[in-house]
Amino acid sequence: MTIPTWYDISGFTMNATENDSEIHSVATNLQSLVDDQIKKGIPLNRIVFAGHSRGGAMAMHMAFTSLKQIAGVATVGSFLPITSTLFQDLCKSKDYVTDIPLLLQLHGSADRLVSKHIGIETFRNLVTCGIPGIFRSYYKVGHLLTKTEIKHLYKFVNLLLPPI
């Protein structure tokens with residue numbers, strides 16, 4: 001089964017416009033995958049969402065809206081424009097006091113598609129809205145996933161999901 005895990009955006013700048021109807025559609029599809037895992041006995045607090053580029057943006061949308069009880073969210077080379085409804089909803093929400101999914105945001109310093117600057121700005125905006133997180137930058141890494149990043153993702157997941 002093929003399910004899109006990303007949505008269109010007007011550009012790769014902080015002033016870009018997200019396609020809210022696509023976000024909703026993708027979220028519905030992803031929620032059905034999560035529901036299937038819950039039916040199989042996996043609790044939300046043992047689920048981590050992760051994504052690269054626009055998939056990472058969708059992972060953030062899911063983690064900080066409908067799936068607040070998941071263990072965490074990890075992104076690689078991802079960003080959210082300042083116009084994102086996610087920022088507006090998070091910053092005015094009173095729900096984010098405890099049990100917020102931890103964010104791990106990884107970004108290459110040589111990323112030409114999603115600049116490190118807008119990755120950092122996204123991270124700062126999320127932290128300002130109350131999201132706890134870790135930002136890591138990788139020297140001379142472009143818009144891709146490296147072995148070092150995979151190792152850091154592995155450590156992050158194992159930190160959040162210790163053996164049962």
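These exercises work through the disulfide and the aromatic contacts of the structure above.

The model is predicted, so local features need pLDDT of at least 70 and side-chain atom pairs count only at pLDDT 80 or more, while totals for chains, interfaces and linings use all residues. Residues are numbered from 1 along each chain as its sequence is written, and side-chain values use heavy atoms, with hydrogens and water left out.

**Exercise 1. Find the disulfide and place both of its cysteines.**

Step 1. Apply the cut-off: a disulfide is a pair of cysteine sulfur atoms within 2.5 Å. The structure holds 1 disulfide. C91 and C129 form it, with sulfur atoms 1.8 Å apart.

Step 2. Check the handedness. The torsion about the S-S bond of C91 and C129 is about -60°, so this disulfide is left-handed.

Step 3. Locate the ends. C91 sits in helix 3 (residues 85-92). C129 sits in the loop between helix 4 (116-128) and strand 4 (133-138). The two cysteines are 38 residues apart and link distant parts of the chain. Helices (H or I, at least four residues) and strands (E, at least two) are DSSP runs, numbered from the N terminus.

Step 4. Grade the accessibility. Buried means under 20% relative accessible area, exposed over 50%, and partly exposed in between (1.4 Å probe, protein chains only). C91, at 48%, is partly exposed. C129, at 10%, is buried.

**Exercise 2. List the aromatic pairs and classify each by its plane angle.**

Step 1. Set the rule. Rings of Phe, Tyr and Trp (its six-membered ring) pair if their centres lie within 6.5 Å; planes under 30 degrees apart are stacked, over 60 edge-to-face, and the rest tilted. The whole structure gives 2 aromatic pairs.

Step 2. Take F12 and F79. Their ring centres are 6.1 Å apart and their planes meet at 50°, so the pair is tilted. F12 lies in the segment before helix 1 (20-39), and F79 in the loop between strand 2 (72-76) and helix 3. They are 67 residues apart. F12 is partly exposed at 33%, whereas F79 is buried at 0%.

Step 3. Take F123 and F135. Centres 5.7 Å apart and planes at 55° make this pair tilted. F123 is in helix 4 and F135 in strand 4, so the pair ties together parts 12 residues apart in sequence. F123 is buried at 14%; F135 is partly exposed at 22%.

**Exercise 3. Identify the charged residue over the face of F79.**

Step 1. Use the test: NZ of Lys or CZ of Arg within 6 Å of the ring centre and within 35 degrees of the ring normal.

Step 2. R54 lies over the face of F79, 5.1 Å from the ring centre.
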